[in-house]
Amino acid sequence: MKPFVKWFGGKTETTEAAQGLDSDNIPSHVAVIMDGNGRWAQKRGLPRIAGHHSGMKNVKKITMAANDIGVRVLTMYAFSTENWKRPKEEVDYLMKLPLEFFPKEIEELIANNVQIRMTGWPQDLPDYTLKSIQDAIDQTKHNDGLILNFALNYGSRKEMLSGVQQLVRDAQAGKVKPEEIDEAMFSRYLLTDPLPDPDLLIRTSGELRISNFMLWQLAYSELWFTDLCWPEFTERHFYEAIQEYQRRARRYGGL
Ligand SMILES: Cc1cc(N2CCCCCC2)n2ncc(-c3ccc(F)cc3)c2n1
């Protein structure tokens with residue numbers, strides 16, 4: 001057990017929670033289903049989009065908290081393939097969030113050597129959304145620190161089906177023999193390639209579902225749920241999830 005000694009500024013709660021962590025067992029890839037934004041707003045008599053805006057402001061905070069303890073990949077589920085069914089005005093608002101996020105946050109992300117990545121189908125996104133994201137990817141592509149991976153217009157079953165379709169095309173073209181197909185090869189046909197599978201999934205707002213998110217990749221991941229809505233989820237809560245992950249590793253580490 002190698003406790004963290006780095007001082008996280010004046011945030012004593014955060015510092016205490018981070019210092020309880022074992023720096024030798026930090027999850028390499030943490031995935032987050034950032035749920036409960038609309039509910040957070042409605043509980044306060046605010047419009048749903050106020051919850052999305054508050055949720056967006058929380059993304060950078062948790063990214064920095066993850067970066068501070070050495071997480072290598074942080075995947076944030078921002079928009080699913082099913083979210084297109086939401087009211088048009090809500091979808092329009094959500095599609096503009098990247099345009100608000102980057103001007104505010106890109107400087108600090110670059111200063112912290114963060115690399116931006118997107119997992120999902122870009123072709124369905126509005127041009128302005130895609131340009132905003134592509135600009136951020138281009139500006140950070142030489143960074144080799146934490147990978148901030150936005151799952152945007154992403155759905156796992158669609159991802160797996162499109163991987164199978166490509167694999168069949170490659171087999172029909174003689175590029176792949178059926179008997180060669182194994183888990184490693186199939187993983188290379190998924191949108192998340194070459195990222196490692198998540199070690200830990202965090203889901204906020206009390207929902208206990210996976211919701212068509214990284215179904216293949218989460219096969220062996222620790223799942224951690226909280227009733228907190230995403231906008232209420234702080235750095236201390238993040239470190240508490242990491243502490244629970246480490247406690248489970250210690251407990252199941254033995255036979
Ligand atoms: C669609 C959507 C929704 C969105 N929410 C805020 C977070 C809670 C989840 C729902 C709403 N956030 N938050 C950040 C982004 C984003 C996405 C890509 C990118 F490159 C930069 C920022 C975002 N995108």
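Helices (H or I, at least four residues) and strands (E, at least two) are DSSP runs here, numbered from the N terminus. You're looking at a predicted model, where local features need pLDDT of at least 70 and side-chain atom pairs count only at pLDDT 80 or more, while totals for chains, interfaces and linings use all residues. Residues are numbered from 1 along each chain as its sequence is written, and side-chain values use heavy atoms, leaving out hydrogens and water.

**Exercise 1. Find the backbone oddities in the loops.**

Step 1: Go to serine 211, in the loop between β5 and β6. Its phi is positive, about 55°, although serine 211 is not a glycine.

Step 2: Now try proline 194, in the loop between α7 (183-187) and β5 (200-203). The bond joining aspartate 193 to proline 194 is a cis peptide, with omega about 5°.

Step 3: Why flag these? Because most residues other than glycine have a negative phi, and most peptide bonds are trans.

**Exercise 2. Work out how α4 packs against α5.**

Step 1: Helix α4 spans residues 88-111 and helix α5 residues 127-140; their axes sit 8 Å apart at an angle of about 15°. Axes are lines fitted to C-alpha atoms, for helices over the stretch in contact, and angles run from 0 to 180 degrees between N-to-C directions.

Step 2: So α4 and α5 are roughly parallel (angles under 35 degrees count as that, over 145 as roughly antiparallel, 65 to 115 as roughly perpendicular and the rest as oblique).

Step 3: Look at who touches whom, with contact meaning heavy atoms within 4.5 Å. The α4 side includes Met95, Leu99 and Phe102, and the α5 side includes Tyr128, Ile133 and Ala136.

Step 4: Sort the contact residues by class: 9 nonpolar, 4 polar and 1 charged. Ala, Val, Leu, Ile, Met, Phe, Trp, Tyr, Cys and Pro count as nonpolar, Asp, Glu, Lys and Arg as charged, and the others, Gly among them, as polar.

**Exercise 3. Do the same for α3 and α4.**

Step 1: Helix α3 (residues 48-69) and α4 have axes that come within 10 Å and cross at roughly 30°. That makes this pair roughly parallel.

Step 2: Among the residues that meet are Arg48, His52 and Lys60 in α3, and Glu90, Glu100 and Lys104 in α4. By class, the α3 contact with α4 has 9 nonpolar, 3 polar and 7 charged residues.

**Exercise 4. Place aspartate 35.**

Step 1: Find it in the loop between β1 (29-33) and α2 (37-43).

Step 2: Skip neighbours within four places in sequence, and aspartate 35 has contacts including Arg203, Glu207 and Trp230.
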